[in-house]
Structures are given as C-alpha cells and as structure tokens.
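Work through these exercises with the model open beside you. Try each task before you read its solution.

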Amino acid sequence: FHTEDSIGALIRLVNMKIEPFLISSTINCVLAQRLLRRVCTNCRKKYTPGMTELKLLGYTGGELSGGTFYKGDGCGNCRNSGYKGRMAVHEMLLPDEQVRDAVLKNATTQELREVSINSTGLVTLFENGIYKAAIGETTIEEVLRCLPKLVQPRPFAELKRLLGG
C-alpha cells in the first residue's frame, strides 16, 4: 500500500471494507519504509543543530544531546550535493493485544498510533530518521524534507534505547 506510515496500512484495510476482526486476527507485522539521501562521507562536516531546526523537529533544548550531526559541504565525489547514496528508514508495527483491540473498536488513526507507541514501543518513521541523523548517516534537513511528523518525537537517548543503538 501507499500509506504515510504503518498505522495508515491498518486504516487502509478498514477503508477497503475488510472486517476489523479479520485485520485484528491476521496482521502480524506492518513495515513502513522511506528512502533518505545519505550524507557524503567524503565532505561531511560536524555541526550543531540550531534552535530553528530543533523547533522544526519538535524539540526545545537538550533532547538531542549525545548525537553527532553532519552536513555535506559538497565535493566531486557527491557532485557537490553533500549526499551520496540512499538509506532506508523504517517503522515496524508488531500489533499486540492492545493494538488489536483498538482495531476492533474502529479507533482513529491517532488513537491507533498512540496505542502502538505506548504498548508496542513503535518507533515512527520520523523518529527513526532523527536517530539516523543523530548518528551521522543523514541530515536533519533530509528528515524534515522526507518524513511525516505525526507525533511529538522522543529524545535521542530514548530512541537509542528503543533501537538498540
């Protein structure tokens, strides 16, 4: 399916008139994926995100402490773009009993998202992008350009814990 995130796939199935009890009982995993440009390792330079970038991400201060951020200056290796290659960011929903119950109750997209984050530890596409930017694989600019910000992102330390980093 072409959906904004993994929760959107559940909603799409409901909109296709598939009975919620069938969705709830048969879906074991939903994986959403987007491709982001990878920062060029040849010309990348460390930098500290400014307050404007932090606000656009949904942060106010030290939530990204511990991260190492880069921007590409542009070189012959990356055709002066600052990026070379692509990388995937993922959002994997493994529905538990609470998510299945929410599907059965015809919960809204936002309600399903909140239940999934709270009960299954779902890391959103946006959060996975922030994590990848904080470990120097892509840029904050690329995350903001390509990924939907649907909920307030958690701090980098929490994302690192959830993603096993």
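**Exercise 1.** Decide whether glycine 165 is buried, partly exposed or exposed.

*Solution.* Start with the cut-offs: buried means under 20% relative accessible area, exposed means over 50%, and partly exposed lies in between (1.4 Å probe, protein chains only). Glycine 165 has 56% relative accessibility, so it counts as exposed. Next, place the residue: glycine 165 is in the segment after α8 (156-163). Here helices (H or I, at least four residues) and strands (E, at least two) are DSSP runs, numbered from the N terminus. Now list its contacts, meaning heavy atoms within 4.5 Å. Neighbours within four places in sequence aside, glycine 165 touches Tyr131 and Lys160. The C-alpha atoms of glycine 165 and tyrosine 131 are 9.1 Å apart, with their positions 34 residues apart along the chain.

A note on the numbers: this is a predicted model, where local features need pLDDT of at least 70 and side-chain atom pairs pLDDT 80 or more, while totals for chains, interfaces and linings use all residues. Residues are numbered from 1 along each chain as its sequence is written, and side-chain values use heavy atoms, without hydrogens and water.

**Exercise 2.** Find which parts the salt bridge between glutamate 127 and arginine 154 ties together.

*Solution.* First, the term: a salt bridge is a side-chain nitrogen of Lys or Arg within 4 Å of a carboxyl oxygen of Asp or Glu. In this pair, the closest N and O atoms are 2.6 Å apart. Glutamate 127 sits in helix α6 (residues 125-134) and arginine 154 in the loop between α7 (140-146) and α8, so the bridge ties together parts 27 residues apart in sequence. Then check the exposure. Glutamate 127 is buried, at 1% relative accessibility. Arginine 154 is buried too, at 16%.

**Exercise 3.** Work out how arginine 145 and glutamate 142 are placed in helix α7.

*Solution.* The two residues are three apart in helix α7, so about one helical turn separates them. Their side chains meet in a salt bridge (3.0 Å, N to O). Arginine 145 is exposed, at 53% relative accessible area. Glutamate 142 is buried, at 0%. Finally, look for partners: Arg37, Glu142 and Arg145 are linked in a network of salt bridges.

**Exercise 4.** How many salt bridges does the structure hold? Locate the one between lysine 45 and aspartate 73.

*Solution.* The structure holds seven salt bridges. In the one between lysine 45 and aspartate 73, N and O are 3.8 Å apart. Lysine 45 lies in strand β2 (residues 44-47) and aspartate 73 in the loop between β3 (69-72) and β4 (83-93), so parts 28 residues apart in sequence are tied together. Lysine 45 is partly exposed, at 47%. Aspartate 73 is exposed, at 55%.
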